[in-house]
Amino acid sequence: MAGAKNHDYHILAPDIWPLIGAASALIFTSGMVLFMHDMASWHLVLGIGVAGLIATFFSWFSNIVKEAQAGDHTPVVQLHLRYGMILFIASEVMFFVGWFWSWFDFALFPAPLEVIDGVTRNLIGEEGAAMLAKFPPEGLHVLDAFDLPLLNTLILLCSGTTVTWAHHSLIHGDRDGLKKGLWLTIALGILFTSIQAYEYSHAPFPFGTNTYGSAFYMATGFHGFHVLVGTIFLIVCLRRTYLGHFTPRQHFGFEAAAWYWHFVDVVWLFLFIVVYVWGGWGAEIH
């Protein structure tokens with residue numbers, strides 16, 4: 001019969017949200033540029049961009065959930081969704097590679113900075129060599145890696161265990177275990193974010209005055225943002241769990257969230273070892 005579907009693929013209907021999302025991303029980045037240059041109207045431009053992105057995420061992902069519930073996510077479609085998630089996580093890995101690269105570059109080839117009349121300059125020549133010889137400078141305090149950072153490491157490792165428990169429960173049809181595992185993972189994610197916020201508010205060094213502080217906040221800050229996104233991802237999965245969306249054979253949404261959460265865990269382990277432990281070696285502990 002003409003128009004009858006005789007394949008396992010899902011052909012998407014025309015949708016306006018990709019266009020709205022692209023336009024919102026452009027407006028958002030334009031707002032960020034205006035903000036960085038302290039130009040007029042950056043509040044309005046940035047606000048419109050953020051609102052457009054949030055609306056796009058909510059509506060586009062809602063459409064994907066509806067497709068899953070309508071039976072459009074056949075095994076072959078789920079396979080391709082998994083490929084897409086793998087590529088997305090790979091792109092996120094390369095994103096963090098950039099921050100680790102800059103961290104090692106600053107650590108192995110330090111260039112001391114001096115602020116003169118409000119202008120930051122690199123110290124070169126004999127003066128720079130003299131400062132390098134006594135680096136880190138006297139009085140430089142860093143965070144104790146085996147205080148709050150170690151606690152956050154244990155929290156994330158525990159959260160990886162609870163999300164695995166939730167996944168295992170789902171596969172074996174244990175809805176109660178799935179809900180408990182998700183609740184615990186979300187609670188641990190919120191606890192991690194709260195502790196990191198407390199750590200930032202009491203950090204003995206600011207952002208932007210030297211390469212150590214800049215690299216520290218950019219690397220750990222972006223990781224914290226990913227934890228926040230992952231927590232929201234899991235909250236959506238918890239809501240869908242209570243609505244009865246997931247089955248042992250069809251639960252890609254939860255699987256993607258679990259993959260993303262494990263990725264966040266692994267990145268933190270590298271951050272803890274490289275930034276907190278190795279990066280603070282030899283400096284005074286605050």
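Biologist: Let's start with the surface. How much area does the protein expose, and which atoms supply 71% of it?

Modeller: The protein exposes about 16800 Å², and the 71% comes from carbon and sulfur atoms. Please keep in mind that this is a predicted model. Of its 286 residues, 35% count as buried.

Biologist: What makes up the fold, counted in helices and strands?

Modeller: The protein has eight helices and four strands. Starting at the N terminus, their order is α-α-α-β-β-α-β-α-α-α-α-β. Among contacts with a separation of 6 or more, 75% are between residues 24 or more positions apart.

Biologist: Which residues make the nonpolar surface patch?

Modeller: F146, L150, L154, L157 and L269 make the patch, which covers about 430 Å². Helix α5, residues 148-171, gives the largest share, with three residues.

Biologist: Take L157, then. What makes it eligible for a patch?

Modeller: L157 sits in helix α5. A patch residue needs over 30% relative accessible area. L157 has 41%, so it passes that cut-off. The value also lies between 20% and 50%, and therefore L157 is called partly exposed.

Biologist: Now the charged residues. How many salt bridges does the structure hold?

Modeller: There are two salt bridges. In one of them, the side chains of E255 and R82 meet, with N to O at 2.6 Å. This pair joins distant parts of the chain: E255 belongs to helix α8 (residues 252-278) and R82 to helix α3, 173 residues apart.

Biologist: How do you know that E255 and R82 form a salt bridge?

Modeller: The cut-off is 4 Å between a side-chain nitrogen of Lys or Arg and a carboxyl oxygen of Asp or Glu. The E255 and R82 pair has 2.6 Å, so it qualifies as a salt bridge.

Biologist: Why is E255 called buried, and why is R82 called partly exposed?

Modeller: Buried means under 20% relative accessible area. E255 has 11%, so it is buried. R82 has 21%, and because that is not under 20% and not over 50%, R82 is partly exposed.

Biologist: What makes D176 and K180 a salt bridge?

Modeller: Their closest N and O atoms are 3.1 Å apart, and that is within 4 Å, so the pair qualifies. Both residues lie in helix α6 (residues 175-201), four residues apart, or about one turn of the helix. D176 has a relative accessible area of 45% and is therefore partly exposed. K180 has 44%, so K180 is partly exposed too.

Biologist: How do you know that E92 has no salt bridge?

Modeller: For E92, the nearest side chain of opposite charge is R82, 19 Å away. A salt bridge would need a nitrogen within 4 Å, so E92 has none. E92 is buried in this model and is part of helix α3, residues 75-108. Apart from residues up to four places away in sequence, E92 touches H226, Y260 and F263.

Biologist: What makes D38 and S41 stand out in their backbone angles?

Modeller: D38 has a positive phi of about 50 degrees although it is not a glycine. S41 is also not a glycine, and its phi is near 70 degrees, again positive. Most residues other than glycine have a negative phi. D38 lies in the loop between α1 (17-36) and α2 (42-69), and S41 is in the loop between α1 and α2.

Biologist: Why is D38 called exposed, but S41 partly exposed?

Modeller: Exposed means over 50%. D38 has 64%, so it passes. S41 has 48%, which falls between 20% and 50%, so S41 is partly exposed.

Biologist: Where does UniProt list a "transmembrane region"?

Modeller: The unreviewed entry lists several spans, including residues 42-62 and 150-170. In the model, residues 42-62 are 100% helix and 0% strand, with end C-alpha atoms 30 Å apart. Residues 150-170 are likewise 100% helix and 0% strand, with ends 31 Å apart.

Biologist: One last residue: what is G279 in contact with?

Modeller: Beyond its neighbours within four places in sequence, G279 contacts W103, Y212 and V274. G279 and Y212 are 67 residues apart along the chain, with C-alpha atoms separated by 8.5 Å. G279 lies in the loop between α8 and β4 (284-285), and its 23% relative accessibility is why G279 counts as partly exposed.

Definitions and conventions
Residues are numbered from 1 along each chain as its sequence is written. This is a predicted model: local features need pLDDT of at least 70, side-chain atom pairs count only at pLDDT 80 or more; totals for chains, interfaces and linings use all residues. Side-chain values use heavy atoms; hydrogens and water are left out. Patches are made of residues with over 30% relative accessible area and no salt bridge: like charges are joined within 9 Å, nonpolar side chains (Val, Leu, Ile, Met, Phe, Trp, Tyr) within 5 Å. Accessible areas come from the Shrake-Rupley method with a 1.4 Å probe; for residues, only the protein chains shown count as cover. Helices (H or I, at least four residues) and strands (E, at least two) are DSSP runs, numbered from the N terminus. Buried means under 20% relative accessible area, exposed over 50%, partly exposed in between (1.4 Å probe, protein chains only). Lys and Arg count as positive and Asp and Glu as negative; His and the chain ends are not counted. Contact means heavy atoms within 4.5 Å. UniProt positions are given in the numbering used here, feature names are shortened, and annotations may be inferred rather than shown by experiment.
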